[in-house]
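Got the model open in your viewer? Let's walk through a few selections, one stop at a time.

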Amino acid sequence: MENIDIWNKGLGLIKKNLNNDIFELWFKPTAFKSYNNGEINISVPNRYCGEWLKTNYYGLIKDALVNITQEMDIKINFIPDKDKEGIEKTEIIKKEAIRTTSFREKGMLNKRYYFENFIVGPSNQFAHAAALAVAENPGKSYNPLFIYGGVGLGKTHLINAIGNHIIRNKPDVKIIYLTAEQFTNEVVAAIRYDKMYAFKEKYRTIDMLLVDDIQFFSGKDRSQEEFFYTFNTLYEAHRPVIITSDKYPKEMPDVEERLRSRFEWGLIADIQQPDFETRMAILKQKAETEDIKLPEDVILFLVDAIKTNIRVLEGALIRLGAYASLTGKAITVELAKDILKATIGDKEKAVTYDAIQKAVADHFQIKLQEMKAKKRTKNLVMPRQVAMYLCRELTNLSYPEIGKYFGGKDHTTVIHACRQIEKLKEKESRLKDAIDALTKALKSQ
């Protein structure tokens, strides 16, 4: 292996451990210089770059080079290129200025996310309507639009859908889409290369700015300052700013008050956790897109087990599909439980359906066999629904499995029972107290 290959191979290992922006900014300008007696010299564009690499990434670099050379005592020196150091700064500024005004950023939009493949339900209907209004009338509706909600609920899908919708209808529009982390990285690069003018020119002359995960600005004063002035410029020019966050503006104390107040100037739309039907529709659409054949009972199991994060739900589907494809095994509920046990957790393993049925029967003073009977007399319906509800809450059983243990009931009957109990708990304190007491007793067994 030639000496120059050592650094090239080392860069390959280093790149795997860094995001692309960091690698491009700090490592791409480096070059191999020499390697003798366990000492490798790396050419860097200037002294500042070498000091930064030594302070922040020396351990990572050394691990990579030890892996390549198998020499444990290797020493790394960062040598500024004296011939280029005087002009490097000017050249970098020119290159960066050209790069930052090319508007390649609209190419960063995720082309998989459109309004057409966004599943709308009660949990996200308002946010979807607001996003579509902005996409159809940019600058005239809801500026800024602030979309917030938990992780994996569709915020990134919506913000990309806005950008993709506009570009599809107006290809020449100047849009920048990026995360708050990427914005911060650009601020750092602008300061490092003394190119703040180019940075400001880039962001304050566009037609639309889309920023994902704005909560990342917490504690980053310089990024907040630059975004504040960028926001003001775009807002005053009636150019739309779209923002997503996992928190409501007032819940970000480490973001300046003046910036948080700007977020509230337009429309704030939240995305809640999706209901059962919405999760099912999303999962079915994803399965169809990925060409994964899922039996109905597996779909019911997944949407019941994973309630709070659509990204995790879709990831579970992909894992199942990949496993089935590689092993040739059919996808079943049992396989899903085994493959996804780390993802879906383990709900109260000690609680069984028969223990629940017995406890509920004793509490409501009915016979155990009546739990599974087809009779629908008033004194039986309520206990049966309570038992089904507790099976859903305290076990890993899917809706079809619960129905099977209650005399072969259809899964829709179980879903209806669970919803009825959820509603009644809110209205009837005696029922809520009874369910709480039963839950506590079952868990303590």
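Is strand E6 (residues 208–212) largely enclosed by the rest of the structure or not, and how many of its five residues are buried? Select 208–212 and take a look: five of the five are buried, so E6 is largely enclosed by the rest of the structure. Keep in mind that this is a predicted model.

Now show the side chains of E6. Met208, Leu210 and Asp212 point one way, while Leu209 and Val211 point the other way. Whichever way they point, all of them are buried. That fits a general pattern: in a regular strand the side chains alternate between the two faces of the sheet.

Next, add the strands that pair with E6. Select residues 175–179, which is strand E5: E5 and E6 run parallel and are joined by five bridges. For a landmark here, find Thr179, which stands opposite Asp212 in E6. Then select residues 241–245 for strand E7, which pairs with E6 in the parallel sense over three bridges. The landmark this time is Leu209, standing opposite Val241 in E7.

On to the helices. Select H8 (residues 196–203) and H9 (residues 221–236): their axes come within 10 Å and cross at roughly 40 degrees. That angle makes H8 oblique to H9, and the crossing is right-handed.

Finally, show side chains where the two helices touch. On the H8 side, pick Met196, Phe199, Lys200 and Tyr203; they meet Arg222, Glu226, Thr230 and Leu234 in H9. Colour this contact by residue type and you'll get four nonpolar, one polar and three charged residues.

Methods
Residues numbered from 1 in each chain as written. Predicted model: local features only at pLDDT ≥ 70, side-chain atom pairs only at ≥ 80, totals over all residues. Heavy atoms only, no water. Axes fitted to C-alpha atoms, helices over the stretch in contact; angles between N-to-C directions. Helix = DSSP H or I, 4+ residues; strand = E, 2+ residues; numbered from the N terminus. Parallel < 35°, antiparallel > 145°, perpendicular 65-115°, else oblique. Left-handed = near helix turned anticlockwise from the far one by under 90°. Contact = heavy atoms within 4.5 Å. Nonpolar A, V, L, I, M, F, W, Y, C, P; charged D, E, K, R; others polar. Buried < 20%, exposed > 50% of the residue type's maximum accessible area, 1.4 Å probe, protein only. Pairing = 2+ DSSP bridges.
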